[in-house]
Structures are given as C-alpha cells and as structure tokens.
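I am opening a notebook on a structure that is new to me. My entries follow the order in which I looked things up.

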Amino acid sequence: MADKQGRLQLDEAGLEAARGHLDDGAVTPAYGPWRDDIVNLLNGALATELICVLRYRRHHFMATGLESPSIAAEFLVHADAELGHADRLAERIVQLGGEPDFNPVGLPERSHADYDAVNDLKAMIRSNLIAERVAVESYRQMIHLVGDKDSTTRRLLEDILADEEEHADELKDWMARA
C-alpha cells in the first residue's frame, strides 16, 4: 500500500487483524474470499496427481518391448515425482485450513487427467504425454487464477508446472524411441 506521498508502507489494519484468530494458523484475513476456491483448485490438482501416479505405476509394470526396460524405469521415476507433487499439494491444502481429498470414490471425476489401461508401450507414452500436457495447461490456468491472491500457492504451482513441462518434454522424446 502507498501513503499520500506515494511511499510503500504496511497496512496497519491488516497487521492488527492478523493478531486475532490464531486457530487459523498461517491463514490471515488477507486471504479473503478466495481461500475456499484455492483449496478446491488444489484438490482438483491433487486428484490429477494421484491419477497420474496410478497410471504411471501401471505402465511401469506393464511396459514390454525392446525399449521398455529404460522407459519403464522412467515411468516409475515420474510416478514418484507425481506422488511428491500430491504430497506438496495436500500439505498446502492443510496449511490453508482445508482437507485434502484422498477419497478414491470419484477420483477420476475430480482429476483433470485420465487413467487408462493401455498395454502398448507407444500408447502408454502417448497417454502419459497427453496427461502431462493437460497438467501443464491446468497448472498454467491455476497460476493465472491464483495470481496475487496467494503467493505461496502460486509459487508451489509454478514449481510443479516446471516439473510437468520437463516430463512432457521427456515423453515427447520417448515417442520417437518406442
């Protein structure tokens, strides 16, 4: 906030409001009406990451073919990365006073990415590439929606987005190998 002379200064009323409602932890009144919306966005991302973990793990165990050992190993690496994303999202949801939704009932409907049971290596790579591209787009949209409403969540989403972009680039390269 700027004072009458245009100098930057803290909002004293906001600081005073932060002194109350200690049960809210890090969630101060400045989060405003967006906290619940942000928690809902994060729970959608959590569902997406969980579906990706399951799909990558299945593909890891089902991959066959000449290139399958190295690609199957990478599927497991990606599954572990997606699980790490899920953990980080769940932790942030709790920090915001929400509850991470790990309920398997309705998980595919809450996810932005699809689960599939393909058995062909090239189809597995294609399926995972599509899912990563969907994740990239959903994280980009979430970052835009969160904007300056929650800088901590925005940084988390940006960090996960960078990983998802890397995964998509790797999968694109694997398409040529399979």
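**Entry 1: an exposed leucine.** I began with L8, which has a relative accessible area of 77% and is therefore exposed, as the cut-off for that word is over 50%. L8 belongs to the segment before α1. I also looked up its separation from R126: the two C-alpha atoms are 50 Å apart, with these positions 118 residues apart along the chain.

**Entry 2: confidence.** I note that this is a predicted model. The protein chain has an average pLDDT of 91, and 92% of the residues score at least 70. Which elements have the lowest and the highest mean pLDDT? Helix α1, residues 12-18, is lowest at 74, and α2 is highest at 97. I keep a general caution here: predicted coordinates should not be read in detail where pLDDT is low.

**Entry 3: aromatic pairs.** I searched the whole structure for aromatic pairs and found two. One is Y56 with F75, a tilted pair with 6.0 Å from centre to centre and 45° between the planes. Y56 sits in helix α2 (residues 35-62) and F75 in helix α3 (residues 68-95), so this pair ties together parts 19 residues apart in sequence. Buried or exposed, I asked of Y56 and F75? Both are buried.

The other pair is F75 with W174. Their ring centres are 5.9 Å apart and the planes stand at 65°, so I list the pair as edge-to-face; the cut-off for that is over 60 degrees. This pair joins distant parts of the chain, since F75 is in helix α3 and W174 in helix α6 (residues 151-177), 99 residues apart. F75 and W174 are both buried. I therefore record Y56, F75 and W174 as one aromatic cluster, as rings pair when their centres lie within 6.5 Å.

**Entry 4: charges over rings.** Next I looked for charged side chains placed over ring faces. R55 lies over the face of Y56, 5.5 Å from the ring centre. K149 lies over the face of W34, at 5.6 Å from the ring centre.

**Entry 5: helix lengths.** I checked the span of α3, which has 28 residues. From its first C-alpha to its last it reaches 40 Å, close to the 40 Å expected at 1.5 Å a residue. Just after α3, G97 takes a positive phi of about 85°. For α6, with 27 residues, 1.5 Å a residue should give a span of 39 Å; the end C-alpha atoms are 40 Å apart, which agrees.

**Entry 6: the nonpolar cores.** How many residues does the largest nonpolar core have? I find 23, and those with the most contacts inside it are L42, L89, Y139 and L157. Helices α2, α3, α5 (121-146) and α6 each supply at least two residues of this core. The most comes from α2, with eight residues.

I then listed the contacts of L89, leaving aside neighbours within four places in sequence. They are L42, A45, L46, E49, Y139, L156, L157 and I160. Another core, of 16 residues, lies apart from the largest one; among its residues are A72, A113, A131 and A168.

**Entry 7: the buried residues of α6.** I closed with what α6 keeps buried: T153, L156, L157, I160, L161, E164, H167, A168, L171 and W174. What covers these residues includes α2, α3 and α5.

Terms used
Residues numbered from 1 in each chain as written. Predicted model: local features only at pLDDT ≥ 70, side-chain atom pairs only at ≥ 80, totals over all residues. Heavy atoms only, no water. Phe/Tyr/Trp six-rings, centres within 6.5 Å; stacked < 30°, edge-to-face > 60°. Helix = DSSP H or I, 4+ residues; strand = E, 2+ residues; numbered from the N terminus. Buried < 20%, exposed > 50% of the residue type's maximum accessible area, 1.4 Å probe, protein only. Lys NZ or Arg CZ within 6 Å of the ring centre and 35° of its normal. Expected span 1.5 Å × (residues − 1). Core = buried A, V, L, I, M, F, W, Y, C linked by side-chain atoms within 4.5 Å. Contact = heavy atoms within 4.5 Å. pLDDT = per-residue confidence, 0-100.
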